[in-house]
Structures are given as C-alpha cells and as structure tokens.
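User: I have a model open and I'd like to learn how to read it. Can we go through it feature by feature?

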Amino acid sequence: DVPYIWGKEQQDAMEKLKRKLCDAVTLTRPSSTGRFILYTDWSKDALGVCLHQKQADGVERPIAFASRLTRGPECNLASSEGELAAFVYGLGKFRSYLGFAEFDAYTDSSALKTLKTN
C-alpha cells in the first residue's frame, strides 16, 4: 500500500469543496424552451437525481433534486442495475417535465452509457 499524502493541493481542493457546499443553490423555474438534463447516481445506500435545464441564455440551471434510501432488493443490485434503478426513479419523479420532451441523461455507469436512443 502506498501511503496517502495530504498536501497543499489536497487542502486547497478540500477548502474549495467546503465553500461550494456552503453556497446556496438557487433553483430555477423551468422555461417553456430549453433542453432538460437528468443526472442520476446510485449507491448501495441511496439513489439521487437532479433535473437541470439549459435555458435560453445558454446557462444550465438546477430545477429540482430528489433522493431516497435504497430499499430491499435494491441494496443488492449490481452497479449497472442500480444505476438503471436511479434513472427509472428520476423518470418517475420528473415525468411531468420529461414525459413529452427530449432530454439528456448523465450517469457514471459505463454500461448504461452504451444505451442510446435516437
């Protein structure tokens, strides 16, 4: 094992992260134009989704966040299945926004990234 060294670069990154976490995130109302973006993530303990929209000024802004603890069999899913569960959760949570619109989806699952629709 290589020992981990905490240096100036790591401390600066930690300070930047703490500042970002303390900044208030301002949610924006969705506009009638602009592409929606769904970010998803899953772990054995919880899953979370973020709905953003690229608005008319070209800036991506957060619309809503949602998360919950994993339940029952979800805790034992393989990573790609869990990431898919998070995606399905996001679709259900934000169906009023995404149901009839084209949108982009982002996940850190390499298996799910290969699924593309036109």
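Analyst: Sure. Keep in mind that this is a predicted model. A good place to begin is the sheet: look at the strand order and the pairing. Here four strands make an open sheet, ordered β3-β2-β1-β4, with mixed pairing. At the edges sit β3 (60-69) and β4 (103-106), each pairing on one side only. Neighbouring strands in this sheet are turned by 15° against each other on average, ignoring direction.

User: In which sense do β1 and β2 pair, and over how many bridges?

Analyst: To read a pairing, follow the two strands and the bridges that join them. Strand β1 (residues 36-42) pairs with β2 in the antiparallel sense, over seven bridges. If you want a spot to look at, find Thr40, which stands opposite Val49 in β2.

User: Which strands does helix α2 lie across?

Analyst: For a helix on a sheet, check which strands lie under it and the angle it makes. Helix α2 (residues 79-93) lies across β1, β2, β3 and β4, and runs at about 140° to β1. Lys93 belongs to this helix. With a relative accessible area of 47%, Lys93 is partly exposed. You can also get a feel for distance here: Lys93 and Ala78 are 15 residues apart in sequence, and their C-alpha atoms are 22 Å apart in space.

User: Now a single residue. Is His52 buried or exposed?

Analyst: For that you read the relative accessible area, and anything under 20% counts as buried. His52 has 15%, so it is buried. It's part of strand β2 (residues 46-54).

User: What does the side chain of His52 make a polar contact with?

Analyst: Its partner is Glu60: the two side chains are joined by a polar contact of 3.0 Å. For the wider surroundings, leave out residues up to four places away in sequence, and His52 touches Arg35, Phe36, Ile37, Tyr39, Glu60, Arg61, Pro62 and Ile63.

User: On to charges. How many salt bridges does the structure hold?

Analyst: Six salt bridges. For each one, look up the N to O distance, and then ask where the two partners sit along the chain. Take Glu102 and Arg35, whose side chains meet in a salt bridge at 3.5 Å, N to O. This pair links distant parts of the chain, 67 residues apart: Glu102 is in the loop between α3 (95-98) and β4, while Arg35 is in the loop between α1 (8-22) and β1.

User: How accessible are Glu102 and Arg35?

Analyst: Glu102 counts as exposed at 63% relative accessibility, whereas Arg35, at 34%, counts as partly exposed.

User: What else forms a salt bridge with Arg35?

Analyst: Asp104 does, with the closest N and O atoms 3.1 Å apart. Because Asp104 lies in strand β4 and Arg35 in the loop between α1 and β1, the pair ties together parts 69 residues apart in sequence. Asp104 is partly exposed, its relative accessible area being 28%.

User: And which residue does Asp57 form a salt bridge with?

Analyst: That would be Arg61, and the closest N and O atoms are 2.9 Å apart. Both ends are partly exposed: Asp57 has 48% relative accessibility, and Arg61 has 24%.

User: Which residues are joined into one network by salt bridges that share partners?

Analyst: Look for residues that turn up in several pairs. Arg35, Glu102 and Asp104 are joined into one network through shared partners.

How values were computed. Residues numbered from 1 in each chain as written. Predicted model: local features only at pLDDT ≥ 70, side-chain atom pairs only at ≥ 80, totals over all residues. Heavy atoms only, no water. Buried < 20%, exposed > 50% of the residue type's maximum accessible area, 1.4 Å probe, protein only. Polar contact = N/O pair within 3.5 Å; in protein donor to acceptor, adjacent residues only side chain to side chain. Contact = heavy atoms within 4.5 Å. Pairing = 2+ DSSP bridges. Axes fitted to C-alpha atoms, helices over the stretch in contact; angles between N-to-C directions. Salt bridge = Lys/Arg side-chain N within 4 Å of Asp/Glu carboxyl O.
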